[in-house]
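These exercises ask you to read a structure step by step, beginning with one residue and then moving on to the ligand. Keep the sequence and the 3D view open while you work.

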Amino acid sequence: MAKKETPAENAQLKDIISHAKEYGFVYPSSEIYDGLQAVYDYGAYGVELKNNLKRLWWETMTRTRENIVGIDSAIFMHPTTWKASGHVDSFNDPMIDNKDSKKRYRADVLVEEHAAVFEREGNQEKADELTGKLAKLLDAEDLEGVKQLIIDEGITCPISGTSNWTDVRQFNLMFSTQVGSVAEDASTIYLRPETAQGIFVNFLNVQKTARMKVPFGIAQIGKAFRNEIVARQFIFRMREFEQMEMQFFVRPGTELEWYESWAEARMKWHLALGTPKEKLRKHDHEKLAHYANAAMDIEYDFPFGFKEVEGIHSRTDFDLKSHQEYSKKKQQYFDPEVNQNYIPYVIETSIGADRLFLLSLCNAYTEETENEKKRVYLKFHPAVAPVKAAVLPLTKKDGLPEKAREIVEELKYDFNIVYEEAASIGKRYTRQDLIGTPFCIAVDHQTLEDNTVTIRHRDTTEQERVSISELHGRIAEATSFRRIFEKL
Ligand code: GAP
């Protein structure tokens, strides 16, 4: 039987998914038509959170370091790009179908999940034996052997409960479409499965026009598409998603030093954003991709276990060399310091914006019970919280709304502020807690007398009285990216 999440993990993930939907973070795509598997839309607060996370990553890369610049390359690329990168020939997953339920699975995931059951039961030896066998079979591209392993282990389909399996086949994950106005002219192009290749093919353009010297990096944020066989766990594995990738070009021979330094820098970044140390771990790859001479993942302890959030790969000169070969255009850099032409080696850091979003949501989701009353709030770092402050007049009369509007006017060009006057103040506080607003500013009758307001702090629910003139500085101080950058 394939592994299922434990009831507790399931419940936690379910709570987070329904919270995300109910409070405007994430909805299933085209939900009125019953949704589209593994595709999601971001709502009013979701898009703010995602944009903040992307901006934080972008500014970390391009502002805190002088030697990284950005680009925005197209999703469609010349089809030879994907031949050169190896995606046409080897961007495959082994798939298997259950003939009774007609459900499709990734064959390797079925075995890995089965091994995880043994691990959970404390039988590490059996778990290791299974994953070892699987690795050998995949290395040898022995798909018949993988099927036999599934049968020998008695792995059944979670839906039908049978082991009536098809053969294991390789399945290319790239989506293709046709370009050209008439059918005869049409040629197959792909929706990019990673943003990295847009950086590689622009390496010389950027190096020359931005006058960069090795070592230097190129950063990019953009959509990527993969026809994932197993699309589960909410926005963890989607068919359309966003990547934030940075390729750092270095002198050959120095790549492993840079690899270590980037691994450390990226882990520091996650910690600076407030992710607890014990919820993060590094996982070195034993089986390296065809282009890498070292690789690791940064994993986060999601409700469904430790899973990859970010990959750091030492990609050697594989991509540039391959593009040189296929395009017949030299991809060399002249290094004046050593008086040599060479193809640079590359360290890549690659993080999914949606996975970082899910990490942030899981990490922020907090349930507390006090005096038998449950309180749910999202404890986002103020720098990435979707709304920075809510301005709330205590009543709808006596000039309080007008005064509150004046405060909104004062703050709204620098921060995402909401104004709310409906419902009791307690209910309005609760609503802001549920979307993770760090500050609630209450305007009351005293405000009209002395220009002071109360600030309620989301995490402690403590309130303090401050002058209106202090508000801008207080919010700026708490929400500035600077606080995060200073920890890097
Ligand atoms: N250029 C290297 C590359 O694409 P990857 O490990 O396949 O490497 C990098 O992907 C990151 O992209 C992952 O760590 C993950 O955060 C994100 N990612 C990959 N596939 C994804 C998917 N189907 N849905 C959401 N995020 C995904």
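**Exercise 1. Describe the surroundings of E194 in this predicted model, starting from its contacts and ending with its accessibility.**

Solution. Begin with the contacts: once its neighbours within four places in sequence are set aside, E194 touches W82, H87, A224, R226, Q243, E245 and R315. Next, locate E194 in the chain, where it sits in the loop between β8 (187-190) and α8 (196-200). Then look at its side chain, which makes a polar contact of 2.7 Å with the side chain of Q197. Finally, consider the accessibility: a residue counts as buried under 20% relative accessible area, and E194 is therefore classed as buried, since its relative accessibility is 6%.

**Exercise 2. Determine where S350 lies and whether it counts as buried or exposed.**

Solution. S350 belongs to strand β16. Its relative accessibility is 11%, so S350 counts as buried. Apart from neighbours within four places in sequence, the residues in contact with S350 are Q243, M244, E245, V309, E310 and G311. With one of these, E245, the side chain of S350 forms a polar contact, side chain to side chain, at 2.6 Å.

**Exercise 3. Find which residues come nearest to the ligand, and describe the polar atoms that lie beside its nitrogen atoms.**

Solution. The ligand is surrounded by 21 residues, of which E194, M238, E245, E308 and V309 come nearest. Take the backbone first: a backbone N or O atom of M238 is 2.8 Å from a nitrogen atom of the ligand, while a polar backbone atom of F236 lies 3.4 Å from a ligand nitrogen. Turning to side chains, a polar atom in the side chain of E245 is 2.5 Å from a nitrogen atom of the ligand. As for cover, the ligand on its own has 550 Å² of accessible area, and the protein covers 93% of this.

**Exercise 4. Work out which elements build the shell around the ligand, and how its residues divide by class.**

Solution. Two or more residues each are given to the shell by β10 (240-250), β13 (305-316) and β16 (345-352), and the largest share, six residues, comes from β13. Sorted by class, the shell holds ten charged, six nonpolar and five polar residues.

**Exercise 5. Compare this with the record: which positions does UniProt list under "binding site"?**

Solution. The unreviewed UniProt entry gives this feature at R106, E194, F241, E242, Q243, M244, E245, E348, T349, S350, I351 and G352. These positions span 247 residues of sequence, and they are also spread in space, with up to 26.5 Å between C-alpha atoms.

Note on methods:
Residues numbered from 1 in each chain as written. Predicted model: local features only at pLDDT ≥ 70, side-chain atom pairs only at ≥ 80, totals over all residues. Heavy atoms only, no water. Near = heavy atom within 4 Å. Polar contact = N/O pair within 3.5 Å; in protein donor to acceptor, adjacent residues only side chain to side chain. Areas by Shrake-Rupley, 256 points an atom, 1.4 Å probe, with all protein chains shown as cover. Helix = DSSP H or I, 4+ residues; strand = E, 2+ residues; numbered from the N terminus. Nonpolar A, V, L, I, M, F, W, Y, C, P; charged D, E, K, R; others polar. UniProt positions renumbered as here; feature names shortened; annotations may be inferred. Buried < 20%, exposed > 50% of the residue type's maximum accessible area, 1.4 Å probe, protein only. Contact = heavy atoms within 4.5 Å.
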